[in-house]
Amino acid sequence: MSEDAGAAAERPVVDRRGNAFWASLALPGVAWLCLFFLLPFYVILCVAFGSVHPVFLTPQPAWNPLSWDTRAFEFVLEGLFTPGAAFQVVFLRTLAYVAIATSLSLLIAYPVAYYVARHGGRYKGLLLAGLVAPFFISYLMRMLAWINLLQDDGWVNDVLVWAGVLDGPRNWLDGRASSVILGMVYGYVPFMILPLYAFLDRIDGRLLEAARDLGASRFQTFRLVTLPLSGPAILAAVAIIALPMFGDYYTPDLLSQSPNTSLIGNQISLYIRGGQQVPVGAALVVCLMAFLAVLMAYYLVVTVRAQRRLGG
Amino acid sequence: MTSVAGAGAGSARNGRLREWIANPWGKPRVLPLVTVAYLAWSILPILIAIRFSFNEGRSRSTAQGWSFRWYWEDPDLSVWADPDLRTALFQSLRLAGIAVLVTVPLGTALAIGLTRWRGRGSGAARAVSLATLVTPEIVMGTALLLVFVNLLTFVPLGTPAQAIGHITFSLVFVLIIVRGRLLAIGPEYEEAARDLGASRLQAIRLALLPMLWPAIVASGIIVFAISMDDFVISQFLSSGTNTDTVPVRIYATGRTAPTPALNALATLTLAVTIAFAALGFLLWWLLKRARGDRESALEHLAH
C-alpha cells in the first residue's frame, strides 16, 4: 500500500465533500461485497453451529451466537485429531498432495518464468502468448484432455508400452495419487508462472551486471542476487496456487474417482451438497478457513519482514 | 599428431566454455529446453483433445477420420442435438455475459471510489475486496449456497444465484486492473479538469474515463474468461441440469458417458472465449493506439 501513501502525500488537503463523493462511488461495490461475501460467512458460522431438522435433515441455522451448538465442530475436530480417523487421513493427504504439487509446480514455473523474462529475446511475445494461453482454456477442459490421454487405450499408455516402459496398458484413472498430482500441477502451474514472470522481468539488470563485475560467476549471480530477490515473489506464487488447491475436489473426482485420493474438498462437497449433515460440512469449511488464515498470516509476516530488510 | 589435434580441439572447447560462462548476457542452454518442453506439455494435450472433437468415430483416443459429427451432424449425440450439452453452452455464455455487463461497471466505480476515497472505512473496504481473491472457491461456493438456501431465500438457485456468484468473485479482478491504471495515472488530470470548472462527475467522464478505457476493456476480457472457466460456484449454485454450465457438464459426464461430443463442447467454449478475447484485444489495441501508447497487450496483462 506504499503507492497509497505516495498519492496521499501528493494531496495534503483532504477535501471532505470530495471524500463523500468517492465513498458513494465505491458504495454499490462495497454493499455488494457485504451482502454476498461477508454476510454469507456469518451464515456459514450459523449453519456450522446450528442443528439439522430431525425429520427432513435440512440445516437449521442458529442465528443467535448465544445459542450456538458446538456438536458439529466437536465431530470435525475429533475426526481431525484422532490418529487414523477419516478426517485426519484426508487432511494429511490433502497437505501432502498440495505440498508435492506446489513443489513440482515451482520446479517447472521458476525456470520457465526465468527464461522467458531474462532470455526471451525476440521470441518473448510468442512465449508469453504460450504462457497466457491456459488462462483462456477452462480448467475442466484441461482435465478432460488428460482423461483422454490417460484412459486405457489413451496415448500415454500407447507411448509407454511402445517405449517398453510398461508391459501392458495401465489404468491411470483408478485411484492413483500420481495422476491426481499430475492433474493438479498441470492445472495450476500457469497461475504460478505469470506472477513469477512479472517479478523476474522487473529485476533491475544493473544489479546482475554489478554482481558479474564483482567477479561472481553466472551461477553465483543467480544464487546470491536473483534467487534471494525472488523470495517474496516465490512465496506469493506458492500462495496463489496452494490456496485454491486446498479446496480442490474436481481434480481427484475426474482423474481418480476413488476414495483413496479423496481430499478435504471432496469431504466438504460431500457434506454440503449431499444434504445429510450440512453443519458438519460447514464446520469443515470453517476449519479449512482457519487453517488457511494461519498460512496467510505467516505469508504476510514473512513478506513484511522481507520488505523491512530491503528497506522497502 | 592426433593427440595434438585433440588437445587443440579440447582447449578451443575450453575457451568457448570459459567465454560462455564469463559472458553475463549469454544464453543458458538448459532453460530453453525446459521452456519449450513445458509449452509442449502445456498445449499438446489441448490440441489432441480438440483433434478428437472432429473424430468421425466414437473413440477419444484413436484418430478415425475427420467430421463435424459431434458438433451438429449426429442427430442425437452432437452438441447441437443433445439438449444437455446445448443448454450448458448457452448457460455458460449467459452467465459470462451477465458477469461482464454487471461486474465491469460495478468494479470500475469501486476501483475509482476506493483509490480516491481516504479515511474511515476505506482500508476495511479494500481489505474485504482483496479477501475475495484469496478465498478458495469451495469456501465461497459453500457460503453462497448456504446464504441463498437459508437467509436470502428470494434468490432462487440457478441462473440468478450463479450470476451473483460470478459477479462476486470477478469483482476483485476489475478492481485490481482498473486500480493499477488509476495509480499510474495519478490525480493530476482530474484536478486540472476540476480547476477548469468541471464537476466531479464531468472530471471522471471527460478526463479519467478516456484514460481508463484500455484497463476497463482488459478487465472485461478477464471477467469473461474467468466466468467461462468457473466450475465450483456454478456447480454449487446450479439448480439442476438446465442450469449446468460447460465445466459442470464436463465434470458430470467426463468419466461416465464419454463421447467426442464432450470434446466438441469444450472446443466450442474455448473458441468462444478466444473470439471474445481477440475482439477485446483488438478494441484494447485500438484504444491504446488512439492514446499513442505502445506497450504490448500481453506484457500489460502479465504485469
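In the predicted model, helix α4 of chain A and helix α8 of chain A cross with right-handed geometry. The two elements span residues 86–119 and residues 177–201, respectively, and their axes come within 7 Å at a crossing angle of roughly 40°. An angle of roughly 40° lies outside the range under 35 degrees that counts as roughly parallel, and α4(A) and α8(A) are therefore oblique to each other. The contact between α4(A) and α8(A) comprises 24 nonpolar residues, together with one polar and two charged residues. Helix α4(A) itself contains 34 residues and extends 48 Å from the first C-alpha to the last, close to the 50 Å expected at 1.5 Å a residue. Following α4(A) is G121(A), which has a positive phi near 55°.

A positive phi also occurs at Q257(A), a residue other than glycine, where the value is near 60°. Most residues other than glycine have a negative phi. Q257(A) is placed in the loop that links α12 (250–255) to α13 of chain A. Within 10 Å of Q257(A) there are 16 other C-beta atoms, so this residue is classed as partly exposed; a buried residue would require 20 or more, and an exposed one 12 or fewer.

Chain B comprises 303 residues, of which 43% count as buried. Its secondary structure consists of 13 helices and zero strands, and from the N terminus on the order of elements is α-α-α-α-α-α-α-α-α-α-α-α-α. Among the contacts in chain B with a separation of 6 or more, 72% join residues 24 or more positions apart.

Two phenylalanine residues of chain B illustrate such contacts. F169(B) is located in helix α7 of chain B, and F173(B) also belongs to this helix, which covers residues 159–185. F169(B) has 25 other C-beta atoms within 10 Å and is therefore buried, the threshold being 20 or more. F173(B), by contrast, has 19 C-beta neighbours inside 10 Å and so counts as partly exposed. When residues up to four places away in sequence are not counted, F169(B) touches T132(B), M140(B) and I233(B). On the same basis, the residues touched by F173(B) are S219(B), I222(B), V223(B) and I226(B). The C-alpha atoms of F169(B) and V223(B) are separated by 9.3 Å, although the two residues lie 54 positions apart along the chain. For F173(B) and G220(B), a sequence separation of 47 residues corresponds to a C-alpha to C-alpha distance of 9.3 Å.

Contact between the chains involves 76 residues of chain B and 87 residues of chain A. On the side of chain B that touches chain A, the most residues come from helix α2 (residues 30–53) of chain B, which gives 13. The composition of this side of chain B is 51 nonpolar, 17 polar and eight charged residues.

Helix α6 of chain B, formed by residues 137–150, meets helix α13 of chain A, formed by residues 264–274; the axes come within 11 Å and cross at roughly 10°. Because of this angle, α13(A) is roughly parallel to α6(B). The residues in contact are G265(A), I268(A) and I272(A) on α13(A), and I138(B), T142(B) and L145(B) on α6(B). By class, four of the residues in this contact are nonpolar, two are polar and none is charged.

Helix α6(B) also meets helix α14 of chain A (residues 278–309), with axes that come within 10 Å and cross at roughly 140°. The angle makes α14(A) oblique to α6(B), since a roughly antiparallel arrangement would require a value over 145. The crossing of α14(A) with α6(B) is left-handed. From α14(A), the contact includes G281(A), A282(A), V285(A), L288(A) and M289(A), whereas α6(B) provides V139(B), T142(B) and L146(B). Six nonpolar and two polar residues make up the contact of α14(A) with α6(B), which has no charged residues. T142(B) thus takes part in the contact with α13(A) and in the contact with α14(A).

Technical notes: Residues are numbered from 1 along each chain as its sequence is written. Chains are lettered from A and ligands numbered from 1 in the order in which they are written. This is a predicted model: local features need pLDDT of at least 70, side-chain atom pairs count only at pLDDT 80 or more; totals for chains, interfaces and linings use all residues. Axes are lines fitted to C-alpha atoms, for helices over the stretch in contact, and angles run from 0 to 180 degrees between N-to-C directions. Helices (H or I, at least four residues) and strands (E, at least two) are DSSP runs, numbered from the N terminus. Angles under 35 degrees count as roughly parallel, over 145 as roughly antiparallel, 65 to 115 as roughly perpendicular and the rest as oblique. A crossing is left-handed if the near helix is turned anticlockwise from the far one by less than a right angle, and right-handed if clockwise. Ala, Val, Leu, Ile, Met, Phe, Trp, Tyr, Cys and Pro count as nonpolar, Asp, Glu, Lys and Arg as charged, and the others, Gly among them, as polar. The expected span of a helix is 1.5 Å times one less than its number of residues. Two residues are in contact if their C-beta atoms, placed from the backbone, lie within 7 Å.
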